[in-house]
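Q: I would like to learn how to read a protein model feature by feature, taking the general idea before the particular case. Could we work through one together?

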Amino acid sequence: MTEETRPQITIYTDGSCSPNPGPGGWGAILSNGKREKEIKGGEADTTNSRMEMEAIIQALSALRRPSNVTLHTDSQFIVNSATKWLEGWKNKNFKGVKNVDLWERLLPLMKRHEITWKWVKGHAGNPKNERADGLANRGREETVAKSFDAF
């Protein structure tokens, strides 16, 4: 499949953690221009950075075939990491890099899809970023509620 024949997908992602570290959630909106899909989830003990990355991993993993992806995130750190620093980290075997387990999960997805990384300012009224934030918060809340189900 050539890049020209790949589906064109737009993704908005966000992560949430409160307190940080603590219970967290992630959310993503995937769109092919005709349809949208929302996904969310969470973890009981995590960080905001991990949830930001988990949202991206889950969104890219949800794509059935290699795609041209425009990925919007409000994490400048993740955009810079993916576009500027990642090659250097790989050359140094990720020495001193946090969340290596997540980068190792993300790397094959970055090879599978052609990704254009876009930073969007968070909490600034961008409708899809706000929706992704809401999904992340709901993912966190559902995770907290499940943890009480164990009693």
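**Reading the model**

A: Let us start in a loop of this predicted model: Pro-19 lies in the loop between S1 and S2, and Pro-21 is found in that loop as well.

Q: What is the peptide bond from Ser-18 to Pro-19, cis or trans?

A: The bond from Ser-18 to Pro-19 is cis, with omega near -5°. A cis peptide bond also joins Asn-20 and Pro-21, where omega is about 5°.

Q: In which sense do the strands on either side of that loop, S1 and S2, pair, and over how many bridges?

A: Strand S1, residues 8–17, and strand S2, residues 22–31, pair in the antiparallel sense over eight bridges. For a point of reference within this pair, Asp-14 stands opposite Gly-27 in S2.

Q: In what order do the strands of the sheet lie?

A: Five strands form an open sheet, and their order is S3-S2-S1-S4-S5, with mixed pairing. The edges are strand S3 (36–46) and strand S5 (114–119), each of which pairs on one side only. From one strand to the next, the twist averages 20°.

Q: Which strands do the helices H1 and H2 touch where they pack on the sheet?

A: Helix H1, residues 48–61, packs on the sheet and touches S1, S2, S3, strand S4 (68–73) and S5, its direction making about 155° with that of S1. Helix H2, residues 76–91, also packs on the sheet, but its contacts there are with S4 and S5, and its direction makes about 145° with that of S5.

Q: How should I read the packing of one helix against another?

A: Two packed helices are described by the angle between their axes and by the distance between the axes. Here the axes of H2 and helix H3 (residues 100–112) come within 12 Å and cross at roughly 100°. Because angles of 65 to 115 degrees count as roughly perpendicular, that crossing makes H2 roughly perpendicular to H3. On the H2 side the contact is made by Ile-78, Ser-81, Ala-82, Leu-86, Trp-89 and Lys-90, and on the H3 side by Trp-103, Leu-107 and Met-110. Sorted by class, this contact has seven nonpolar residues, one polar and one charged.

Q: Where is Asn-93 placed, and what is its phi?

A: Asn-93 is in the loop between H2 and H3. Its phi is positive, at about 55°, although Asn-93 is not a glycine.

Q: How is empty space found in a model, and what volume does the largest pocket have here?

A: Rolling a probe the size of a water molecule over the atoms shows where empty space is left. In this structure the largest pocket has a volume of about 430 Å³. Its lining consists of 13 residues, of which Ile-9, Asn-32, Arg-35, Ala-62 and Leu-63 lie nearest the centre. The elements that give two or more residues to this lining are S2 and S3.

Q: How do the residues of that lining divide by class?

A: The lining of the largest pocket divides into five nonpolar, three polar and five charged residues.

How values were computed: Residues are numbered from 1 along each chain as its sequence is written. This is a predicted model: local features need pLDDT of at least 70, side-chain atom pairs count only at pLDDT 80 or more; totals for chains, interfaces and linings use all residues. Side-chain values use heavy atoms; hydrogens and water are left out. Two strands pair if DSSP finds at least two bridges between them. Helices (H or I, at least four residues) and strands (E, at least two) are DSSP runs, numbered from the N terminus. Axes are lines fitted to C-alpha atoms, for helices over the stretch in contact, and angles run from 0 to 180 degrees between N-to-C directions. Contact means heavy atoms within 4.5 Å. On a 1 Å grid over the protein atoms alone, a cavity is a set of points where a 1.4 Å probe fits but cannot get out, and a pocket is an open set with protein on both sides within 12 Å along at least five of seven lines; lining residues have an atom within 4 Å of a point. Grid points are joined across faces, edges and corners, and a volume is the space filled by probe spheres set on the points. Ala, Val, Leu, Ile, Met, Phe, Trp, Tyr, Cys and Pro count as nonpolar, Asp, Glu, Lys and Arg as charged, and the others, Gly among them, as polar. Angles under 35 degrees count as roughly parallel, over 145 as roughly antiparallel, 65 to 115 as roughly perpendicular and the rest as oblique.
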